[in-house]
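Take a look at the structure below. This report walks through its strands, its overall build and the space inside.

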Amino acid sequence: MRQDATFIAVEVDDAVASDPQIAAKLTEACPVDIYAQDESGALTIVERNLDECVLCKLCIDAAGGRGPDLSVKVLKLYDGEAQLA
């Protein structure tokens with residue numbers, strides 16, 4: 001799943017987005033409420049909050065950390081889609 005705003009985009013691996021436990025971690029970790037859970041527990045991205053991202057990397061850590069195949073990617077659209085890592 002991917003959601004774009006003006007300055008920030010977030011990509012979340014489909015397997016992560018459908019896992020209620022990881023979705024709960026992401027929802028709890030984000031200080032600006034970019035993530036939420038639907039009635040089934042699956043992850044949703046709150047589009048109106050995307051550009052509030054403070055680039056803290058807490059969502060990346062909550063989803064399993066760093067590496068070349070991140071399950072959560074924060075992309076800086078203002079910087080050629082540079083990936084926060």
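Which residue in strand 5 does Ile8 stand opposite? The residue opposite Ile8 is Lys76. Keep in mind that this is a predicted model.

**The sheet**

Lys76 and Ile8 belong to a wider pattern. Strand 2 covers residues 8–12, and strand 5 covers residues 72–76. The two strands pair in the antiparallel sense, over five bridges. Another partnership here joins Glu11 to Lys73 of strand 5.

Strand 5 also pairs with strand 6. This pairing is antiparallel too, with three bridges. Lys76 turns up again: its bridge partner in strand 6 is Ala82. Five residues lie between strand 5 and strand 6 in their hairpin. One of the residues in this hairpin is Gly80, with a positive phi near 65°.

The table sets out the two pairings of strand 5.

| Strands | Sense | Bridges |
|---|---|---|
| Strand 2 and strand 5 | antiparallel | five bridges |
| Strand 5 and strand 6 | antiparallel | three bridges |

Now step back to the whole sheet. It is open and has four strands, in the order 1-2-5-6. Its pairing is antiparallel. Strand 1 (2–4) and strand 6 (82–84) are the edge strands, and each pairs on one side only. On average, neighbouring strands in this sheet are turned by 25° against each other, direction ignored.

Is strand 5 mostly covered or mostly uncovered? Strand 5 is mostly covered, as four of its five residues are buried.

**The whole chain**

The protein chain has three helices and six strands. Read from the N terminus, its elements run β-β-α-α-β-β-α-β-β.

How does its radius of gyration fit its length? A compact globule of 85 residues would have a radius of gyration near 12 Å, and the protein chain has 12 Å, so the two agree. The C-alpha trace spans about 35 × 30 × 20 Å along its principal axes. Of the 85 residues, 36% count as buried.

**The space inside**

How many cavities of 30 Å³ or more does the structure hold? The structure holds one. The largest cavity has a volume of about 90 Å³. Its lining is made up of 14 residues. Nearest its centre lie Cys30, Ile34, Cys53, Cys56 and Cys59. By class, the lining has 13 nonpolar residues and one charged residue, with no polar ones.

Technical notes:
Residues are numbered from 1 along each chain as its sequence is written. This is a predicted model: local features need pLDDT of at least 70, side-chain atom pairs count only at pLDDT 80 or more; totals for chains, interfaces and linings use all residues. Side-chain values use heavy atoms; hydrogens and water are left out. Two strands pair if DSSP finds at least two bridges between them. Axes are lines fitted to C-alpha atoms, for helices over the stretch in contact, and angles run from 0 to 180 degrees between N-to-C directions. On a 1 Å grid over the protein atoms alone, a cavity is a set of points where a 1.4 Å probe fits but cannot get out, and a pocket is an open set with protein on both sides within 12 Å along at least five of seven lines; lining residues have an atom within 4 Å of a point. Grid points are joined across faces, edges and corners, and a volume is the space filled by probe spheres set on the points. Ala, Val, Leu, Ile, Met, Phe, Trp, Tyr, Cys and Pro count as nonpolar, Asp, Glu, Lys and Arg as charged, and the others, Gly among them, as polar. The radius of gyration is taken over C-alpha atoms; the globule rule is 2.2 Å times the number of residues to the power 0.38. Buried means under 20% relative accessible area, exposed over 50%, partly exposed in between (1.4 Å probe, protein chains only).
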